[in-house]
Amino acid sequence: MNSTPQQPGAEPRDGVTVIKRMGAWMVTMYWPEGTSGTVGPREVHVVPADDADPQEVARGVSSTVLRRINTTPSQDFVAMRSLSQAADEMEIRELGERLASLPAGLTGERLAVLSALYVHFVDAGERAPAQRLAVGFDLNPATVKGHLRAARQRGFLTKVEGKAGGQLTDKAVQILRGMQSGAGTEEV
């Protein structure tokens, strides 16, 4: 199991990759950072093994091979996720403490922190991430939704049409990095 999956020619990504041999096939499953161990993989790649029987490869991937792919996370996956979650929870706690210490206005720092927390809950599979953010940090749900809308409009969070989601933009990441190095609050 690798902690940074990499397909041929692709950039490394954060998350967990499990690689299994199934007969003539190599099966690679990828769970991105932030997904829980109770959900299936986000990606599954099936490719011929280097030493596979050419006749089996010529027949292609059968439905039998696909049915045999066990997408249930293994014990190794669970152990790796628990280490990753512990680090993630520490970061979320720090962001939550930072959020509590910020003034209530629409500063770049506040929008970046709210966006980061929101993305965490989306990636964790929360069905109502804005509501979870409001409850988890004792905030008014309408205010959270308004601030997330402002974060999207001001370029801290990408837009996703018709459903919860989005990613941090470079602008948000830059502000979060500045917070780590001790930069002050900035109005937007």
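## Strand pairing

Strand β2 is joined to strand β3 (residues 43-48) by six bridges, and the two strands run antiparallel; strands here are DSSP runs of E of at least two residues and helices are runs of H or I of at least four, numbered from the N terminus, while two strands are said to pair if DSSP finds at least two bridges between them. Within this pairing, W25 stands opposite P48 in β3. On its other pairing, β2 meets strand β1 (residues 15-22) in the antiparallel sense over eight bridges, with G15 having P32 of β2 as its bridge partner and R21 standing opposite M26. The connection between β1 and β2 is a hairpin with two residues between the strands, and G23 in that turn takes a positive phi of about 65°.

Strand β2 (residues 25-32) is mostly covered, since seven of its eight residues are buried, where buried means under 20% relative accessible area, exposed means over 50%, and partly exposed lies in between (1.4 Å probe, protein chains only).

## Basis of the model and overall composition

The model is predicted, and local features are therefore reported only at pLDDT of at least 70 and side-chain atom pairs only at pLDDT 80 or more, whereas totals for chains, interfaces and linings use all residues. Residues are numbered from 1 along each chain as its sequence is written, and side-chain values use heavy atoms, with hydrogens and water left out.

The secondary structure of the chain comes to seven helices and three strands, which follow one another along the sequence in the pattern β-β-β-α-α-α-α-α-α-α. Of the 188 residues of the chain, 35% count as buried. Among contacts (heavy atoms within 4.5 Å) between residues at least 6 apart in sequence, 47% join residues at least 24 apart.

## Helix α5 and its packing

In helix α5 (residues 129-136), the buried residues are P129, A130, L133 and A134. Seen down the axis of α5, these buried residues fall within an arc of 140°, so they line one face of the helix; the arc is that of the directions from the helix axis to the C-beta atoms. The buried residues of α5 pack against two other helices, α4 (108-123) and α6 (141-153). Just after α5, the backbone of D138 takes a positive phi of about 50°.

## S115 in helix α4

S115 is placed in helix α4, and its relative accessibility of 0% is why S115 counts as buried. A polar atom of the S115 side chain lies 2.7 Å from the backbone oxygen of L111, which falls under the definition of a polar contact: a pair of N or O atoms within 3.5 Å, where within protein one must be able to donate a hydrogen and the other to accept it, and where residues adjacent in sequence count only if both atoms are side-chain atoms. When residues up to four places away in sequence are not counted, S115 touches L148, A151, F156, L157 and L168.

## The loop between α6 and α7

T158 is found in the loop between α6 and α7 (170-180), where it is partly exposed, with a relative accessible area of 31%. Although T158 and S115 are 43 residues apart along the chain, their C-alpha atoms are separated by 9.6 Å. Leaving aside neighbours within four places in sequence, T158 is in contact with R152, G165, G166, Q167 and T169, and the side chain of T158 reaches the backbone nitrogen of Q167 at 2.7 Å.

T169 is found in the same loop between α6 and α7, but at 16% relative accessibility T169 counts as buried. Residues up to four places away in sequence again set aside, T169 touches G155, F156, L157 and T158.

## Rings and helix α7

K171 lies over the face of F156, at 4.7 Å from the ring centre; a charge is taken to sit over a ring if NZ of Lys or CZ of Arg is within 6 Å of the ring centre and within 35 degrees of the ring normal. A search of the whole structure finds zero aromatic pairs, a pair being defined by rings of Phe, Tyr and Trp (its six-membered ring) whose centres lie within 6.5 Å.

G178 is placed in helix α7, and at 15% relative accessibility G178 counts as buried. The C-alpha atoms of G178 and E109, which are 69 residues apart along the chain, are separated by 9.1 Å.

How values were computed
Phe/Tyr/Trp six-rings, centres within 6.5 Å; stacked < 30°, edge-to-face > 60°.
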